[in-house]
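Subject: Structure for your review

Dear colleague,

Please find below the structure that I am handing over to you, together with its sequence. I would be grateful if you kept it open while reading the notes that come after it.

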Amino acid sequence: MNTAIDVNHVSKVYRLYEKPYYRIMDALGIGGRKYTEHAALKDISFQIHQGECVGIIGTNGSGKSTILKIITGVLQPTSGTITVNGRISALLELGAGFNMEYNGIENVYLNGTMLGFSEKEIDQKLPAILDFADIGDYVYQPVKTYSSGMFVRLAFAVAINIDPEILIVDEALSVGDVFFQAKCYHKFEEFKELGKTIVFVSHDLSSIQKYCDRVILLNQGDMLGEGGAKEMIDAYKQVLVGQYQPVQQESSLVDDEEIRALAAEKAGVNPQLLEYGTHQAKIVDFYITDEHQVRSNAVIKGTEFTIHMRVEFYEDLPAPIFAFSFKNIRGTEITGTNSMVEKAFLEPVKAGMVKDVAFTQKMSLQGGEYLLSLGLTGFAGDEFQVYHRLYDVINVTVVSDKNTVGFYDMDSTVTVTDA
């Protein structure tokens, strides 16, 4: 498979000056060292192959935008090399590549010229660009007068209609309205079918899961890992609560013998489930019962079922929150809830207590296979705490003789009468 982007041991270090004139002194080589160094990227290496859609995720300040700017040539690395094979079109921050005094049409020609197109070639592409942007007569107004939504419409329309081989998008779609976002994601699918390369930074994990063949996880300038979307998103969620363990290590899987044994003896329970938390409290048992209160991992659509968990508490906790969520087998979260949202339990607990928790609801998901995750969380003051999480712990089969469109059945009543 041909390589579209090769990032080889790239680092980016910024010098931070306490006072502006220290920068001048440093440039002149006088006064000694007057700065501290901040490493935005630390020895990052990865390859992106032609035709892949690769997501880059991480918390704010992880280096996601920095690596994209280096790939597109906006920034130069402090060390390391970048090799790009193919014409890049990038949608980075709002305003990048646009002259705010020019109107929309003038900026289309400016961007096209910067990308190496002749005026005649831009003339041919202009109708498609304006049709996709759909901002009407505003295209004749200076872009400094545009709303953020109009701006991103025009910027994205230019980016995708200049026939790029590599499309790079940095979170910009979050400012468009829902209809425009749907239009853009449809274009992503077209690009993938045409074998084009897409590099996509977003905090929208559902979009990362849906569109990306592979995901790269960054944190504070370090590359924590790369792999499938589900694997990296689960690792990212650990990063968010400060409980990340490298996914390559055996310790990232269940290392608690009780939970492992529990999984082994139950049909439909994942023996390699992902488990982490502070363990101030712990989910020690879990199962599902059907409408007849019989334990089963198969639920008939339209019937009532109950998710059960037993929790032991090892410390006094102010108000534990019990939670569950369903994902499809691709890892997309479909639905879920918790006891705080449902206003079902807002009480403190004491060390040594044991609680049986039951969530009862009607099964409205379409027929198919799903993964159930369980959670036990809470707050210490304003700080969110994860006491215990079990990801993808149970495989749930929904049995149905009527599947409608999408993830769940709206269970509509249809009435047809004579007019």
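The following paragraphs set out what was found in this structure. Please bear in mind throughout that the model is predicted.

**The chain as a whole**

The protein chain contains nine helices and 18 strands. Its C-alpha trace spans about 80 × 70 × 45 Å along the principal axes. Of the 419 residues in the chain, 46% count as buried, where buried means a relative accessible area under 20%.

**Two helices that are largely enclosed**

Helix 2 covers residues 64-72, and seven of its nine residues are buried, so this helix is largely enclosed by the rest of the structure. The buried residues are K64, T66, I67, L68, K69, I70 and I71. After helix 2 comes G73, which has a positive phi, near 90 degrees.

Helix 8 can be described in a similar manner. This helix runs over residues 229-240, twelve residues in total. From its first C-alpha to its last it reaches 16 Å, which is close to the 16 Å expected at 1.5 Å a residue. Nine of the twelve residues are buried, so helix 8 is also largely enclosed by the rest of the structure. You will find that the buried set consists of A229, M232, I233, D234, A235, Y236, K237, Q238 and V239. The residue G242, with a positive phi near 70 degrees, follows helix 8.

**One cavity**

How many cavities of 30 Å³ or more does a search of the whole structure find? The search finds one. The largest cavity holds about 40 Å³ of space. Its lining is made up of V108, G112, F117, I122, K125, I129, V158 and I162. Two elements, helix 3 (104-114) and helix 4 (119-133), each give two or more residues to that lining. Helix 4 supplies the largest share, three residues. By character, the lining residues divide into six nonpolar, one polar and one charged.

**Strand 18 and its partners**

Strand 18 occupies residues 383-399 and is mostly covered, with twelve of its 17 residues buried. Three pairings of this strand deserve your attention.

- Strand 17 (residues 368-380) pairs with strand 18 in the antiparallel sense over twelve bridges. Within this pairing, E369 stands opposite T397. The two strands form a hairpin with two residues between them, and G381 in the turn has a positive phi of about 70 degrees.
- Strand 10 (residues 274-276) pairs with strand 18 over three bridges, also in the antiparallel sense. Here L274 stands opposite Y391.
- Strand 12 (residues 298-300) pairs with strand 18 in the parallel sense, over three bridges. The bridge partner of A298 in strand 18 is T397.

T397 therefore appears in two of these descriptions, and the reader may wish to locate it in the viewer. On one side, T397 faces E369 of strand 17; T397 is also the bridge partner of A298. When you look along a strand such as this one, a general point is helpful: in a regular strand the side chains alternate between the two faces of the sheet.

**A sheet of three strands**

Three strands form an open sheet in the order 11-13-16, with antiparallel pairing. Strand 11 (281-289) and strand 16 (354-362) are the edge strands, each of which pairs on one side only. On average, neighbouring strands of this sheet are turned by 20 degrees against each other, direction ignored. Strand 11 and strand 13 (residues 304-313) run antiparallel and are joined by eight bridges. In this sheet, D285 stands opposite R310 of strand 13.

**The residue N297**

N297 is found in the loop between strand 11 and strand 12. Is N297 buried, partly exposed or exposed? Its relative accessible area is 22%, so N297 is partly exposed; the cut-off for buried is under 20% and that for exposed is over 50%. N297 and S207 are 90 residues apart in sequence, and their C-alpha atoms are 29 Å apart in space.

With kind regards,

A colleague

Technical notes:
Residues numbered from 1 in each chain as written. Heavy atoms only, no water. Helix = DSSP H or I, 4+ residues; strand = E, 2+ residues; numbered from the N terminus. Expected span 1.5 Å × (residues − 1). Buried < 20%, exposed > 50% of the residue type's maximum accessible area, 1.4 Å probe, protein only. 1 Å grid on protein atoms, 1.4 Å probe; cavity = no way out; pocket = protein on both sides within 12 Å on 5 of 7 lines; lining within 4 Å. Points joined across faces, edges and corners; volume = space filled by probe spheres on them. Nonpolar A, V, L, I, M, F, W, Y, C, P; charged D, E, K, R; others polar. Pairing = 2+ DSSP bridges. Axes fitted to C-alpha atoms, helices over the stretch in contact; angles between N-to-C directions.
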